[in-house]
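The following report turns to strand order, pairing and helix packing. Please have the sequence and the structure at hand while reading.

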Amino acid sequence: MSPAPFELNQNTWRHLFEVGEGLISCCNLFEQADYLKQELNRLTNAQIEIWLLRRFEPLPSKSVSNHDGAELPVYFNDEIAVNVESEDQNRACVFFEVPLAIKSTTLGKIRFTFNKEVILTLQHRDFLRNAGRYIAAILDTARLSAIKDWRHDQLSLVRNVSFEITRYRSTTELFRKIVDLVQTTFHFYFVAIYTFEETRKTLSVQASAGKQLAADQLSELNMGNGIPLGEGLIGICAESGHEILSTDVQRDPRYRAVAGLEGARSELCLPLISNDKALGVLQIIHDYPYAFHDNDIMVLKILADSIAVAIENADLFDDLFEKTWASTVMLQVAEAAQAYDNVDDLLDAIVRILPLLVGVDKCAIFMQGKYASEFFLNAHYGFEKELEPKLAMLPYEQKAAERFHQVAVLKIPLDLDWPIDVESNGTPHDCCKLVPLVAHDLLFGIMMVDQSAGKFEAAGETAANRKDVIMAIGRQIALAIENFRLEESREYEAYVTAVLLQVAQMVAASENLDETLANVINLLPLLVGIDTALVYLQDEQSRRVHLRSAYSKSWKSEVEELPQTIKNGFSRSLDLIAMNQKPVFCQIGGNSPAQWLLLDYRPFLHNNRIPKTPDPSLVIFPLHIGNENFGFLMVYETNEGVELREKKIEIIRGVAQQLSIAIQNERLKHEMVDRERIRREFQLAQEIQKTFLPEKMPQFPGWEISVRWRPALQVGGDFYDVIPIDENQLGLVIADVSDKGLPAALTMTVARTLIHAAAQAGNQPAETLEQVNRLLLENSREGFFVTVFYALLSIDTGQLVYTNAGHTLPLLLRKNHREMHWLEKDGMPLGITGELKLENKKIHIKPGDHLVMYTDGVTEARSPEDTLFGEDRLFNTLHTFPARSEDSLIEVLDSRILEFQSNAPAADDVTIFVIQRLISEATNAQLF
């Protein structure tokens, strides 16, 4: 039997305890394994092998470089299987495995390998098992202590990064400091921070630590212009927004190998996200697989969040800084705009302060002329003196002119792409950008600035927002120019208003039109400096043209000899100018005012644009209000103040309007006088007409006579009459003259006089009207006729003899109101033919009956909807009139007509003539 491999005594146990104390003093796991293998070999004379679970792998800060590439003193497995005792025939040895366990948890195992002759007794096995438990406890305690220290270091790193975030404003410096801290704390193989470029959708490395890369290797890492989303572990992390862990990159198809990082074995990518926005990626690479502990990932996530906050804060600070800087620039431009009282001084100041504000070396401002293609150099800075002519002609140089036009149309900055200056070595200096000066979508000019970096970075501005700042300056300049022009416009408008107010006051103070015209024409030379002014007015009736006012400095004697009246149709071209109602600018050469009315102005008919030539023009202003033309104001300019022609023309146009108003007022005064005269004539005619009508109706016992007379105009053609023939007979007349108004009223007076005179002879109605017809044809105007209903009423018997000369048929309403009859028709109206033949008809009016006579104005009355009152409505109104009504029949009928007409104008004269035969109370009681 072979001897025991080692002795078991008190010294053996003491040596084991000393091994435990030595393990505690070791700095890292590798030293512990080396020390343990050495001491256990001395103690047991066996070859020692150690296996631990993979979670026992050294922390980054606890790994040492002397094991790089060398065989490790300890093996790491995901699972540990313990074989208690086994025999290896090839090696002729026996090995015994002891579990490294705490309670029921196995942390690893130790294999003791002995020669074949060695016999392990039960006591030796118990010792080795106890040694395994003892060593496991020490290793676990050491591991927990290392993790505690490592977490402390991790938390210190997070704290240090948070501290560094507050120290650095520049993201470049901040990124560099962060990767250095991570590398110093964890001893990673490679650490890098990538940021996301929103416009290009790529990621670019901003700082790295650990393995140093050359410039070409960094370019390869960035894939040249940046790593696209979804490309490699970096791109996948940025695209998904989640952490990406590769435990062994050499077996990971997602991994993108980069020159210089051949030692990479495991990689962790953490997204830098703030407010759900991807800002970049934190990349960490180990040089051995399965290198990342859960604690690593947890702390690095916190670190990634801090870095994301740092990036966002830095961006916010940069944005705030740039906005503050831009606001300062805008404020200085605004202060410059307030410091000057004209555009030229302002632009000269702007081109001088722009280099101080934004660092440009050269700048120039071109103001737009009256036409869109015109640009004039107003101010410049930084260009050599000899370049001024070339600079001034730049907007008219072929390609440069095209680019100026493009900027003016698109209203966006564009590169000039046209050499203006040359460098000292003779190469073209082509670095200018054209910036539109736009306010409220209106272009006022173009600013040209160089695009060189200049002093921008030193001034605190980034190149990215330089274009925006210069555009903002352009808008500020445009607003300042617009304000100057508005101020000038307000001042000019105030002057024009004052001038026109003065003219209006003069017009109001003048007693007549001739005085108004003379005052205004004599005032024009003082206001706008004209040479000659003529006012021609057109007579409404004769259509002749009259010279009503004139002034001339150069042709004074000729103007005094001008004819005061010109015959009709003197100039067709002036008629066309009057029809267009727009000022016309004419070049008349040497023609004097005597020929002005005889010239052919048709070539200038559509020349409404104010000319820019220095030669004086003859300007013809039509005098009109609406579509009513009154004449012309002809103005000939002087040779002075041509540059102010536009303002002068505006003033003269306002004066022409004032003259037009004065002329219209004069004509309205005449029209008012005429209307007042006509009104008085109508009033007199109405009073005269009323004298031909009965002032009040005569009343006879047993009879009631009532009438309503309403002319459509102030006077009318309807008339009625009650003519006493003898003590027992009355003549009843109702008539209607064709037409309305004054002519009808005059015809009515003639007809009424003739009828009244003929009736006095006591003849029958037919003979009476035939006689009146003959007399009317001899004395009345041709074209007028009269419809007449004439009757003789016997007061005692109620017999009525009548004839009807074309008049509307009267209605006989019997006493019980159940019977109603139209009286019979007869002949033609009076005044049409001398062969008029009429017949006499007879009816008997009984007590309680009504005879209703009326003119066609009753049946032809119209409602607002243009509906006729008509015979049916008349018949129904009378038929439904109650026999015992408190109102009279004529009142009911007249009220119904007025209600039907409502607010519609009367179409014809209205006359209602009603005769009622009364009945006694006793008879009335018997009837009802």
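The text below treats two open sheets and the helices that pack on them, in a model that is predicted.

One open sheet consists of five strands in the order S13-S12-S18-S17-S14, and its pairing is antiparallel. At its edges lie strand S13 (375-381) and strand S14 (414-415), each of which pairs on one side only. Strand S12 (residues 363-368) runs antiparallel to S13 and is joined to S13 by six bridges, and within this pairing Ile365 has Ala379 of S13 as its bridge partner. Helix H8 (residues 343-358) packs on this sheet, where the helix touches S12, S13 and strand S18 (442-450).

Another open sheet, also of five strands, follows the order S25-S34-S33-S30-S31 with antiparallel pairing. Here strand S25 (703-710) and strand S31 (820-822) are the edge strands, each pairing on one side only, and the twist from one strand to the next averages 15°. Strand S33 (residues 850-854) pairs with strand S34 (residues 910-917) in the antiparallel sense over five bridges, with Leu851 standing opposite Ile915 in S34. Helix H21 (residues 870-879) lies across strand S30 (811-813), S31 and S33, while helix H22 (residues 889-901) packs on the sheet and touches S25, S30, S33 and S34.

The directions of the helices relative to strands of these sheets are set out below.

| Helix | Strands touched or crossed | Angle to a strand |
|---|---|---|
| H8 (residues 343-358) | S12, S13, S18 | about 45° to S13 |
| H21 (residues 870-879) | S30, S31, S33 | about 145° to S31 |
| H22 (residues 889-901) | S25, S30, S33, S34 | about 20° to S25 |

How values were computed. Residues are numbered from 1 along each chain as its sequence is written. This is a predicted model: local features need pLDDT of at least 70, side-chain atom pairs count only at pLDDT 80 or more; totals for chains, interfaces and linings use all residues. Side-chain values use heavy atoms; hydrogens and water are left out. Two strands pair if DSSP finds at least two bridges between them. Helices (H or I, at least four residues) and strands (E, at least two) are DSSP runs, numbered from the N terminus. Contact means heavy atoms within 4.5 Å. Axes are lines fitted to C-alpha atoms, for helices over the stretch in contact, and angles run from 0 to 180 degrees between N-to-C directions.
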